[in-house]
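Got your viewer open? Load the model and keep the selection box handy for a short walk through it.

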Amino acid sequence: MTVKVAVAQMRVAKEPDANLEAIGRFAEQAAAGGARLLVLPEGLISRDAQDPNATQTGAQAADGPFVRGLQEISQEHGVALAGTVHLKEDADAVKVLNSFLVVDDGEVVERYDKLHLYDAFADKESDKVIPGNDLPPVVELDGVRFGLATCYDLRFPEHSRHLALAGAQVILVPAAWVRGPMKEHHWMTLCTARALDNTVYVVGSGEISQRNVGMSCVVDPMGRVVSAAAEDEALIFADIDTQRVDDVRAKLPVLANMRFAPPSLS
């Protein structure tokens, strides 16, 4: 089975309406290119390289206007959307959730609240964000099983292994990968490693800005980069072929050969 995915590498603006407009344009182009799924970056509601609190102050309710906008875009263009938004559990909440949503045919069909918060390289996401408590899910679209991971989750191999053992053939990774020495190398190495050590496709969508590196990519189960973007806004496409997953797993049966179960993520 083959499903075409599109990956939007976009600059997230501070104004939510501007971001919905950009997502709508990408969705229209993705649909025109035959994509079933459009993968978007992390933190889609609001982001500002000059204001580190923008994602927190811009957070909305799960049934707020931004999520409704995503639902409308999905329904209008006939493509599923995958990306993360910052959500408030209630209007008075100080901290927010970094929630990965999969939206299809106008409905939120899956949600995953980011487990591993980016408390590294002098950043501290946990000052603003509450970590999730549930294991990352696998969602099926047109017979293909997609596992969900968000940015820093990529550095925890047990997260991706859990998804592979739960049946994922593809791991989706919306990201806002922060610039810094060796960080581009880390991103590409980790995307490739997670594909190889779980014999899955990895689809990474990176936000591009003064702060974040972009470098969106699709890596196949043998670690081959099949599509990639650089440092500018872009829309890239790739075919996800489940037969490719089966063929690689027959030659490289790391999941079948595994002798130790991964530790619990909870």
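Here is a tour of some helices, a hairpin and a few cysteines. Keep in mind that this is a predicted model.

**Stop 1: helix α3.** Select residues 65-77, the 13 residues of helix α3. Put a distance between the end C-alpha atoms and you should get 18 Å. That agrees with the expected span, because 1.5 Å a residue also gives 18 Å here. Now colour the buried residues: Phe66, Val67, Gly69, Leu70, Gln71, Ile73, Ser74 and His77. What do they pack against? Show α1 (16-32) and the strands β3 (60-61), β4 (80-88), β5 (96-104) and β6 (107-113), and you have the partners of those buried residues. Before leaving, click on Gly78, which follows α3 and has a positive phi, near 70°.

**Stop 2: the β8–β9 hairpin.** Jump to residues 138-141, strand β8. Which residues sit on its covered face, and which on its uncovered one? Val139 and Leu141 are on the covered face, while Val138 and Glu140 are on the uncovered one. The general pattern behind this is that side chains in a regular strand alternate between the two faces of the sheet. Add β9 to the selection: it pairs with β8 in the antiparallel sense, over 4 bridges. For one of the partners, pick Val139 and look across to Phe146 in β9. The hairpin leaves 2 residues between the strands, and Asp142 in the turn has a positive phi of about 50°.

**Stop 3: helix α6.** Next, select residues 242-251 and highlight Thr242, Val245 and Val248, which are buried. Look down the axis of α6: its buried residues fall within an arc of 120°, so they line one face of the helix. Turn to the face away from that buried side and you'll find the exposed residues Ala250 and Lys251. The strand β9 (144-148) from the last stop turns up again, as what covers the buried residues of α6 includes β9 along with β11 (201-206) and β14 (234-241). At the N-terminal end, Asp241 is the cap, with a side-chain oxygen 3.0 Å from the backbone nitrogen of Gln243.

**Stop 4: the cysteines.** Finally, how many disulfides are there? The count is 0. Select Cys191 and Cys217: the Cys191 sulfur has its closest cysteine sulfur in Cys217, but 3.8 Å is too far for a bond, given a cut-off of 2.5 Å. For Cys151, the closest cysteine sulfur is that of Cys191, at 9.7 Å, also too far for a bond. Cys191 counts as buried because its relative accessibility is 0%, and Cys151 counts as buried at 7%.

Technical notes: Residues are numbered from 1 along each chain as its sequence is written. This is a predicted model: local features need pLDDT of at least 70, side-chain atom pairs count only at pLDDT 80 or more; totals for chains, interfaces and linings use all residues. Side-chain values use heavy atoms; hydrogens and water are left out. The expected span of a helix is 1.5 Å times one less than its number of residues. Buried means under 20% relative accessible area, exposed over 50%, partly exposed in between (1.4 Å probe, protein chains only). Contact means heavy atoms within 4.5 Å. The arc is that of the directions from the helix axis to the C-beta atoms. A polar contact is a pair of N or O atoms within 3.5 Å; within protein, one must be able to donate a hydrogen and the other to accept it, and residues adjacent in sequence count only if both atoms are side-chain atoms. Two strands pair if DSSP finds at least two bridges between them.
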